[in-house]
Each structure stands twice: as structure tokens, then as C-alpha cells.
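User: I would like to learn how to read some features of a protein model. Please take them one at a time.

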Amino acid sequence: GAVAAFAAADLGASSGRVVVGRVGHMELALTEVARFPNAPLRLPDGLHWNVPALYEAVLAGLRAAGPVASVGIDTWAVDYALLDADGALLGLPFHYRDTRTAQVAPRVRDEIGADALYAVNGLQHLPFNTVFQLAAARGSAALAAARTLLLVPDLLAHWLGGTLGAETTNASTTGLLDARTGTWSAALARRIGLDTSVLPPLREPGTPAGTLLPHVAAATGLPAATAVTTVASHDTASAVAAVPATGPGAAYISCGTWSLAGLELDAPVLTEASRAANFTNERGIDGTVRYLRNIMGMWLLEECRRTWAAQGRPVELPALLAEAERAAPFAALIDPDAPELLAPEDMPAAIAAACVRTGQRPPRSRGALVRCVLESLALAHRRVLRLAAELSGRDITRVHLVGGGSRNALLCQLTANATGLPVIAGPAEATAIGNVLVQARTRGLVGDLADMRRLVAATQELRHYAPGGDSRAWDAAQARLFPRGAALP
Ligand code: LFR
């Protein structure tokens, strides 16, 4: 049968990679050809993404990839670039962890009305949603000069293939997309003073986005006829597309920098209860809804390691996890979503302070601290999945944990124990796989979403974790950490 190769450029908040995926009948094989760091850049006006450096790394990755039928780009969500009337980049995009939106977001939410906002965009309130970033930028010179707003993967696709568009899964994270119709909400854009003409036409995953510009072909050694394909450009949407779920009852946790825990639905849930529980309705491929909540995720652990390394006390992950496994259970628990953990200078100190603030003794070793983080994440997974089931009226019988966190056996087991559900871990590279499969589908190499998932299930190595441990101890821990249940902090 036919086999073809596709390049997926997948950029996460801390690293990027270029992966080549070969897809054929019952065949899906991935090779990572490049991996590079994505370090935020602090400039006098705030925290930014170094997008030219990322673009350069993508070009180098494509050179290493060799001949492919097409290229697809996905990245984290919400962050945007502005282009002026000449198509030139108006400064580096802000990083979503920049603190300038902290005051603006609640103000804008209250001005518009939290319920009015949710009724239109169906989004979890996060201070960095694009709508709040744009409200913070209101009146700025860059916004005044802007003719086009591009989300980060759309910017990179523009630089590769020359086309302009807003891919829908990622556009759904801006807060400016109507959750029911899937079209830009001009009314909401005007509410924050945004000239709606900067919003590019929407485009669906699986649609063409041109072919490589001549200088891109020259820089990568690829033929100029190589296609650029619009994929599910929000990394989480690509990851969810590659969840190897077959049949009903499956929930997912896309676990990387963030843990995105929830369900795939046919229609958004826009009820008051859903809003109060701060659930998001993001768009998936083929008109699906990603009904989920952001949980702070492996960021907590990675930031601890970064801080320790900067203090001259680096520690390898396997050693750290082994220590955490030996540490006493339920010694200290934190709410992973506490706002002060979004971007602290010193994560171990911030976690210790969170323990003190809640009347607990801070962990006294690194292993104990990591145990606290992982148990707290497992409890947050449990709470969010139970809420998702309740708010959507769906039953959950098993949990698919995909992304880099699926390599963390302790986190997988703790999540199984906390939820009382079997956890099926993997693939770790779900995002790149989802990116590749959407490209393969446009070439007819794989069928619908269910076919894509069957292919992942049949070809990728998955690990199963049965729930164990003392379920009453988890119930008690849950009551201790989240005494108000679904209520917001
Ligand atoms: C995960 C992710 C989340 C989004 C966050 C910020 O990588 O894309 O889905 O909420 O990053 O963009």
C-alpha cells in the first residue's frame, strides 16, 4: 500500500521538536530529527517568545527531516504576533506567563460579565487568554500599527508558506471565538476595542496552507512543491486527536507543561455550573469539543528542577522520582492551580510558602517535595475528571494519559489510585502524532478520527496502570485539599 512521510514541527513551552512520521496502512512510525530548547526572553517590556529563533530551529529541523510530502506546525495556544501593513513583525509575541494581564483580566471579565463572556466563548477563565492580553495591549503603538493578528503556529506557517489564516482549534483558545458557531465574535472583539479586520479568515485542520516559499525551500533543501498543511495547530488539540481511545467511557489527560484533563464532546457545555467550575470548551478536530480544565501540570516539577540546577544542585529526573516514591504519602498537599505558582522565581520556595499558608509543614527533602507535587496533581486530575463527568452527564470508565507526563510511572500510578480508574499511558509524543495524522488524512492515508485513533492504538506502545492503594486515604486527601469541592479558589 501507499506510504508517505510528513514532518511535524511541535513547539512546547520549554522545548520544540521536528518529527518525521511515516504513515501507511496499519503503519505509523515516528523519528525525531531535531529537538531544541524554547527559552523565554525577558526584555524591558516583559516576557516574550523568541519566535525568530524558533523559526530558525524549525528550518534546521526540516533540513534534517529530508523529503516529506508536507509540513505541519503546532504550538502552545493563546499567544499572538502582530504584523504591520507591510507584513513585518511588530515586536516579539508576549509569553502567556508575562504578568501584565494579572490585573486586567479580572477587570475585563467583570466589565463584560463573567456569564456573558462564557455564554459566547465557553472558555475557562485564565488570565492569559488572548482576549485579556489584547485588552492589556489596548492603545499600544503595536496594536495601532497592526493589520494582521496571527497566533504563533499561524505565524510560523505564514513564514513557511506565505498564507494567512487562523486555524480553528487554536483560535478557540483566544476567547474571541463563538463556541456555538465557531466563528469570530465581532461583538466581543469590539468590546475590547479590537479592530476586527486584524482577525484573519478561519481555516480548519486538514486544509492546505500553500507550499514552501522559494527561500524556505532553499534553506531546508526541500522541494518548493512541498506542501504546508494546516493541522490542529493547538498542541492540545493535536494530542487529543491522537488519544488511542476506542469506544465510549474514555477520558483523557494531556500531560506536559500543563495537564489538560477532560472529555471529547459533540457540543459545548455552557451551563452556569460549568462556568462556575471553570471548565473550557475548546474546539477539537472535526467539530468536536475539548471539554477540559487546565491544571498546572509538570511545570511545577520542571521549575523545581530548573531552580535547583540554577542553585548548583542539579538532579536527574529518575533519581528524583525514586526519592519521591520512597517519601511518606500525603505529608503535604497543595492546590497546583494556586495563582502564585503560575510564574514564581523560585518554585520550591513558592511551594513551601503555599504549604505554610495552608497550615502544613513544608516538605523537608526534594523527594518529599516532588511527592507533594505529584500527589497534588493526581488529586487535581481526580477532581477535574469527576467534575467533567458530572457537568457533561457522561460516564468515565478509563483514563488515557498522553504526552511527556505519560513517561512518569509514579504520576500515572498515583493518577490511577486517586481516580480509582485504570490509566492507559501513552503515547508520549501524542501531539506530534496528531499533527502527522491530520496531514496523512488529507492525503487519504488514514480515514476518520476513529481510524486515526485505532492506528495509534495498534502501533504505539501503551502502558496500563490498574488503580490500587488505599482509596479511603485518597478520599480523605481530596477532602483535605479541596474542601469546597468544585468551588474556585
Ligand atoms: C499546552 C497548552 C494549553 C494552553 C497552554 C497555554 O501546551 O497549549 O492547552 O492552555 O499551553 O497556551
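Analyst: What follows goes through domains, helix packing, two backbone details and the ligand shell. This is a predicted model, in which local features need pLDDT of at least 70, side-chain atom pairs count only at pLDDT 80 or more, and totals for chains, interfaces and linings use all residues. Residues are numbered from 1 along each chain as its sequence is written.

User: Which residues do the UniProt domain annotations cover?

Analyst: UniProt positions are given in the numbering used here, feature names are shortened, and annotations may be inferred rather than shown by experiment. The unreviewed UniProt entry places "domain: Carbohydrate kinase FGGY N-terminal" at residues 68–240 and "domain: Carbohydrate kinase FGGY C-terminal" at residues 251–441. Helices (H or I, at least four residues) and strands (E, at least two) are DSSP runs, numbered from the N terminus. Residues 68–240 are 36% helix and 14% strand; residues 251–441 are 46% helix and 16% strand.

User: How is the packing of H1 and H6 described?

Analyst: By an angle and a distance between axes, which are lines fitted to C-alpha atoms, for helices over the stretch in contact; angles run from 0 to 180 degrees between N-to-C directions. Angles under 35 degrees count as roughly parallel, over 145 as roughly antiparallel, 65 to 115 as roughly perpendicular and the rest as oblique. Helix H1 (residues 51–65) packs on helix H6 (residues 152–161) at about 55°, with the axes 11 Å apart. H1 and H6 are therefore oblique. Val-51, Tyr-55 and Val-58 of H1 make the contact with Val-152, Leu-155, Leu-156 and Trp-159 of H6; two residues are in contact if their C-beta atoms, placed from the backbone, lie within 7 Å.

User: What is the angle between H15 and H19?

Analyst: Helix H15 (residues 366–392) and helix H19 (residues 471–481) pack at about 90°, their axes 10 Å apart. That makes H15 roughly perpendicular to H19. Ser-376, Leu-379, Arg-382 and Arg-383 of H15 meet Ala-477, Gln-478 and Leu-481 of H19.

User: Where is the cis peptide bond?

Analyst: A cis bond, with omega near 0°, runs from Gly-426 to Pro-427. Pro-427 sits in the loop between strand S18 (423–425) and helix H17 (430–442). Another backbone detail is Met-26, whose phi is positive at about 55° although it is not a glycine.

User: Which residues come nearest to the ligand?

Analyst: A residue is near a molecule if its C-beta atom, placed from the backbone, lies within 6 Å of it. Of the 14 residues around the ligand, Trp-76, Ala-77, Val-78, Thr-236 and Trp-258 come nearest.
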